[in-house]
Structure formats: structure tokens, C-alpha cells
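Visitor: I'm new to this one. Can you walk me through it?
Guide: Sure, here it is.

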Amino acid sequence: MTKIKLYIISGFLGSGKTTLLREMLSKWQDKKVAILMNELGEFNVDSTILGEDTPMNELLNGCICCDLKSDVEVQLHDLKHRYQPDIIIIEATGVAHPVEIYDACLAPSLTSFIQIQSIITLVDGPRFLARSRYSATTVQLMEEQVRYAHTIIFNKTDLMHSEEVMNVQQQIEALNPAGEIIATTHSQVTDDIFDREGAKRSAHLHMHHGIQSMVYSFTSPVDSRQFVSWLRQLPESVLRIKGYIKFKENPEQVVLFQYSYGIPQYEPEDMKLPLKLVIIGEQLDKNRLLDQLDLLEFS
């Protein structure tokens with residue numbers, strides 16, 4: 001089955017995300033595109049700007065990476081079944097963290113039909129250059145939106161002097177040396193950025209930098225003590241693990257397992273669910289992780 005390609009648009013408030021979304025829609029007129037749009041308030045102005053021709057679901061009154069994170073899985077299933085799109089674009093609120101957005105899109109039930117192609121971060125050049133005026137938390141968010149992107153669109157360069165443009169370019173490169181950086185005005189990009197070749201290029205980059213993911217499917221329960229030992233030796237580059245697992249000590253019980261910043265959580269599940277773990281991190285040594293999980297399952 002051909003998977004739905006999913007693009008995540010990230011970027012701080014006012015950076016030009018909706019303008020970029022319109023650009024993407026104009027370049028994919030031959031594709032079936034659906035949108036999942038997030039807004040902190042009760043009313044989404046951006047959805048009215050885009051019109052009614054493109055299928056769209058909305059997540060309002062919260063941030064997709066925290067309050068509404070559990071709703072993302074439901075919304076993506078809904079878009080698939082109602083519209084059968086070729087592409088889904090998520091436009092997240094400006095205060096969303098890219099790791100959390102990525103994590104929300106990798107629920108085990110989604111991995112069979114969703115392929116995350118790229119995280120695209122919009123950078124408001126003048127605001128990014130003057131970010132030191134904001135709180136430390138806001139500065140960290142703005143920088144991490146850049147750090148975890150696969151493509152960074154450096155926007156509003158027309159409002160800056162050439163020295164300022166060079167300065168911001170260097171700062172972006174320092175935060176994300178492997179990311180593709182595109183300088184632009186009004187979020188205007190060339191036709192090859194989002195066409196098929198561009199998508200393949202983004203997917204290739206996705207395999208080598210930024211946030212990566214892998215899925216492991218279990219066929220049998222594992223020893224809980226060995227599993228805990230495996231968790232303890234994981235590198236810091238593993239940011240998240242989530243999914244469903246069974247342990248030999250109680251082989252009939254399905255357990256929802258979640259791991260974040262080194263802290264594991266276990267929760268019994270009543271439903272029969274696929275025994276899969278989704279692992280999310282940076283520069284993942286996938287072969288090593290697969291070998292380790294194979295040893296857990298077959299030991």
C-alpha cells in the first residue's frame with residue numbers, strides 16, 4: 001500500500017507558515033492534499049484564508065504538541081478515511097515544539113499508512129535576529145524549531161540588510177549544520193522544493209539528520225528485566241519510545257509503553273493491539289537497535 005506523505009510546517013508566531021501552505025497547495029494541484037491545522041484559540045483565521053476547496057480538519061483551543069497531542073492520531077485517521085489523500089500537511093501553532101509534533105504523528109496505529117517526509121521550519125529573519133529580547137524559554141523554542149527541522153525556510157529577508165541576512169544564515173547553520181536552508185521573501189519557494197524530486201530529497205535528508213524514527217514489531221512477549229536493562233543503556237539520542245508490548249511475566253496482558261527523557265511509563269491495555277514500538281531520536285543507529293530488540297525477543 002502506498003503511504004500518505006506527511007509534511008509538518010513548524011515555525012514561531014508570524015513567520016509565514018500559512019503563506020507557505022498556500023504555496024504548497026498551488027504546487028500540488030495535481031495531488032489530493034488534506035490539511036490538519038492547529039490554533040491556540042477558538043477560531044482559526046487561517047482556515048478562512050485558505051478557502052473551502054482543500055479538505056481540512058482543525059485542532060482548536062490548544063497546542064498540537066501538548067493539550068491536543070492525543071487528538072492527532074484520531075484526526076489523521078479521519079483524514080485518511082474521509083478523503084484518501086496523497087499528502088497531508090500539518091500546520092502547527094507557532095508555539096509547538098517539533099519533537100512533540102513528530103512524536104504525535106508516530107502513533108503505532110499510523111505507521112502502516114503514514115510516511116513523515118519532512119519537518120519544514122519557517123524562520124522570521126528579523127525576529128530571529130532579535131530573539132534575545134524574548135524569555136529564555138521562547139528563545140529555546142525558536143532555536144529548537146530550527147535545530148530539529150529537515151528544511152529551514154529563512155523568510156522575510158527583504159526586511160533585512162545583507163549583513164543581517166548573512167548573520168542569521170550563519171546562526172541557522174550553527175544550530176542545524178545538515179539542514180537545507182532556503183532564503184526567501186513572502187514564503188515564496190521554487191517549484192522543485194515540493195515536487196516529487198524535492199520530496200525524495202527531503203526523505204533522504206530525513207534518514208541522515210534531524211529527527212528520525214523506526215518501528216519494531218514483536219511476535220512474542222519479552223522478559224521485563226531484560227527490557228529494563230535495555231532501556232538503561234540507551235543513548236541520549238533516543239528521545240521517545242512508545243507502543244505496545246507484552247512481558248513474559250504476564251503474557252496475556254498488553255501494555256502501553258511510553259519513554260520520554262529517560263523516564264519509562266507502563267499502562268495496562270484492555271484492547272488487543274499490535275505489538276509495536278516506535279523509536280524516535282537523532283542519528284539513530286537503527287541496525288544496532290534492531291539487533292538489541294531481536295535479542296530481547298528471541299532470548
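What follows is a short chat about salt bridges and a couple of loop residues.

Guide: One thing up front: this is a predicted model.

Visitor: Okay. How many salt bridges does the count come to?
Guide: The count comes to six salt bridges. Let's take some of them in turn.

Visitor: Start with D78. Which side chain does it meet in a salt bridge?
Guide: That of R82. The N to O distance is 2.9 Å.

Visitor: Where do D78 and R82 sit?
Guide: In helix α3, residues 69–83. They are four residues apart there, so about one helical turn separates them.

Visitor: Is D78 buried, exposed or partly exposed? And what about R82?
Guide: D78 is partly exposed, at 26% relative accessible area. R82 is partly exposed too, at 49%.

Visitor: Next one. What does K156 pair with?
Guide: K156 forms a salt bridge with D124. Their closest N and O atoms are 2.9 Å apart.

Visitor: And which parts of the chain does that pair tie together?
Guide: K156 lies in the loop between β6 (151–155) and α7 (162–175). D124 is in strand β5, residues 114–124. So the pair ties together parts that are 32 residues apart in sequence.

Visitor: Buried or exposed, those two?
Guide: D124 counts as buried, at 11% relative accessibility. K156 is partly exposed, with a relative accessible area of 22%. The cut-off for buried is under 20%, so K156 falls outside it.

Visitor: Got another bridge?
Guide: Yes. The side chains of E143 and R131 meet in one, at 3.0 Å from N to O. E143 is in helix α6, residues 136–147. R131 is in the loop between α5 (125–129) and α6. The two are 12 residues apart, and the pair links distant parts of the chain. R131 is buried, with a relative accessible area of 12%.

Visitor: Let's switch to loops. Where is N176?
Guide: In the loop between α7 and β7 (180–183). N176 counts as buried, at 4% relative accessibility.

Visitor: What lies 3.3 Å from a polar atom of its side chain?
Guide: The backbone oxygen of R147.

Visitor: Last stop, T54. Where is that?
Guide: In the loop between α2 (45–50) and β3 (56–59).

Visitor: Which residues does T54 touch, leaving out those up to four places away in sequence?
Guide: L25, V33 and I35.

Visitor: And how far is T54 from A34?
Guide: They are 20 residues apart in sequence. In space, the C-alpha to C-alpha distance is 6.2 Å.

Technical notes
Residues are numbered from 1 along each chain as its sequence is written. This is a predicted model: local features need pLDDT of at least 70, side-chain atom pairs count only at pLDDT 80 or more; totals for chains, interfaces and linings use all residues. Side-chain values use heavy atoms; hydrogens and water are left out. Contact means heavy atoms within 4.5 Å. A salt bridge is a side-chain nitrogen of Lys or Arg within 4 Å of a carboxyl oxygen of Asp or Glu. Buried means under 20% relative accessible area, exposed over 50%, partly exposed in between (1.4 Å probe, protein chains only). A polar contact is a pair of N or O atoms within 3.5 Å; within protein, one must be able to donate a hydrogen and the other to accept it, and residues adjacent in sequence count only if both atoms are side-chain atoms.
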